[in-house]
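The following exercises ask for a reading of one protein model, from its overall layout down to single residues. Please work through each task before consulting its solution.

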Amino acid sequence: MLPPHKGALAIAAVIDIALNARGRPVAAKALATRHRLPPRHLEPVLQALVRHGILKGTRGPRGGYELAREQRRITADDILRASGAAEEINGAPLANSALLSKVVMPALGEAEHAFSSALARISIEELTRSAEGVKSS
């Protein structure tokens, strides 16, 4: 039930940018290097994050990516939804960064566990009771 790889990668990229921007854009090449990926595999994810107002991109030799809004106003859910609009990363190697393996994946694992626990508390009996008042179309 964990989000697709590109979702986890998108979260890691946004965290990386938050940590490393320090008033100037973070180059896609630097991000790709830190996550041990070819830049072409990361670019569609970054562009989707720009289109959804999570990142802003700057072109040119000193260009790169910065957060488009305050860190506290960006949620993992926002990032996952935006990354769902990214092109599939067909045949892309899995990123192998410490940020992804030690921060993002454990946090998503906890969220998956919480989601699974919440689903385990919902019985079909409850859903059936709720559905009794709903007319079928």
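Five exercises follow, each with a worked solution.

The model is predicted: local features need pLDDT of at least 70, side-chain atom pairs count only at pLDDT 80 or more, and totals for chains, interfaces and linings use all residues. Residues are numbered from 1 along each chain as its sequence is written, and side-chain values use heavy atoms, with hydrogens and water left out.

**Exercise 1. Overall layout**

Task: State the order of the secondary structure elements and describe burial, contacts and surface for the protein.

Solution. Step 1: the protein has six helices and two strands; helices (H or I, at least four residues) and strands (E, at least two) are DSSP runs, numbered from the N terminus. Their order from the N terminus is α-α-α-β-β-α-α-α.

Step 2: 33% of the 137 residues count as buried. Buried means under 20% relative accessible area, exposed over 50%, and partly exposed in between (1.4 Å probe, protein chains only).

Step 3: take contacts, defined by heavy atoms within 4.5 Å, between residues at least 6 apart in sequence; 67% of these join residues at least 24 apart.

Step 4: the exposed area is about 8,900 Å², of which carbon and sulfur atoms supply 54%. Accessible areas come from the Shrake-Rupley method with a 1.4 Å probe, and for residues only the protein chains shown count as cover.

**Exercise 2. The packing of α1 and α3**

Task: Determine how the axes of α1 and α3 are oriented and which residues make the contact.

Solution. Step 1: the two axes, α1 and α3, come within 10 Å and cross at roughly 70 degrees. Axes are lines fitted to C-alpha atoms, for helices over the stretch in contact, and angles run from 0 to 180 degrees between N-to-C directions.

Step 2: α1 is therefore roughly perpendicular to α3. The classes are under 35 degrees for roughly parallel, over 145 for roughly antiparallel, 65 to 115 for roughly perpendicular, and oblique for the rest.

Step 3: α1 contributes K6, L9, A10, A13, V14 and I17 to the contact, and α3 contributes L42, V45, L46 and L49.

Step 4: consider K6, which lies in α1. K6 counts as buried because its relative accessibility is 7%. Its C-alpha atom is 7.8 Å from that of G84, 78 residues away along the chain.

**Exercise 3. The nonpolar core and α4**

Task: Identify the central members of the largest nonpolar core by contacts with other members, and locate the buried residues of α4.

Solution. Step 1: a nonpolar core is a set of buried Ala, Val, Leu, Ile, Met, Phe, Trp, Tyr and Cys residues joined through side-chain atoms within 4.5 Å. The largest has 29 residues, among which I17, L46, L49, I54, L55 and I79 touch the most other members.

Step 2: two or more residues each come from α1, α2 (28-34), α3, β2 (64-67), α4 and α5 (98-120). Helix α1 gives the largest share, eight residues.

Step 3: beyond four places in sequence, the contacts of I54 include V14, L49, I79 and A82.

Step 4: in α4 (residues 76-83), I79, A82 and S83 are buried. These residues line one face of the helix, because they fall within an arc of 95 degrees seen down its axis; the arc is that of the directions from the helix axis to the C-beta atoms. Their cover includes α1 (5-20) and α3 (39-51).

**Exercise 4. D16 and N20 in α1**

Task: Is D16 buried or exposed, and which residues does N20 touch?

Solution. Step 1: D16 lies in α1 and, at 3% relative accessibility, counts as buried. Neighbours within four places aside, D16 is in contact with V26, L31, R34, H35 and L99.

Step 2: N20, also found in helix α1, is partly exposed at 29%. Residues up to four places away not counted, N20 touches V26 and R34.

**Exercise 5. Positive phi values**

Task: Where do R22 and R36 lie, and what is phi for each?

Solution. Step 1: most residues other than glycine have a negative phi.

Step 2: R22 has a positive phi, near 40 degrees, and is placed in the loop between α1 and α2. R22 counts as exposed, at 66% relative accessibility.

Step 3: R36 has a positive phi of about 55 degrees in the loop between α2 and α3. At 55% relative accessibility, R36 counts as exposed.
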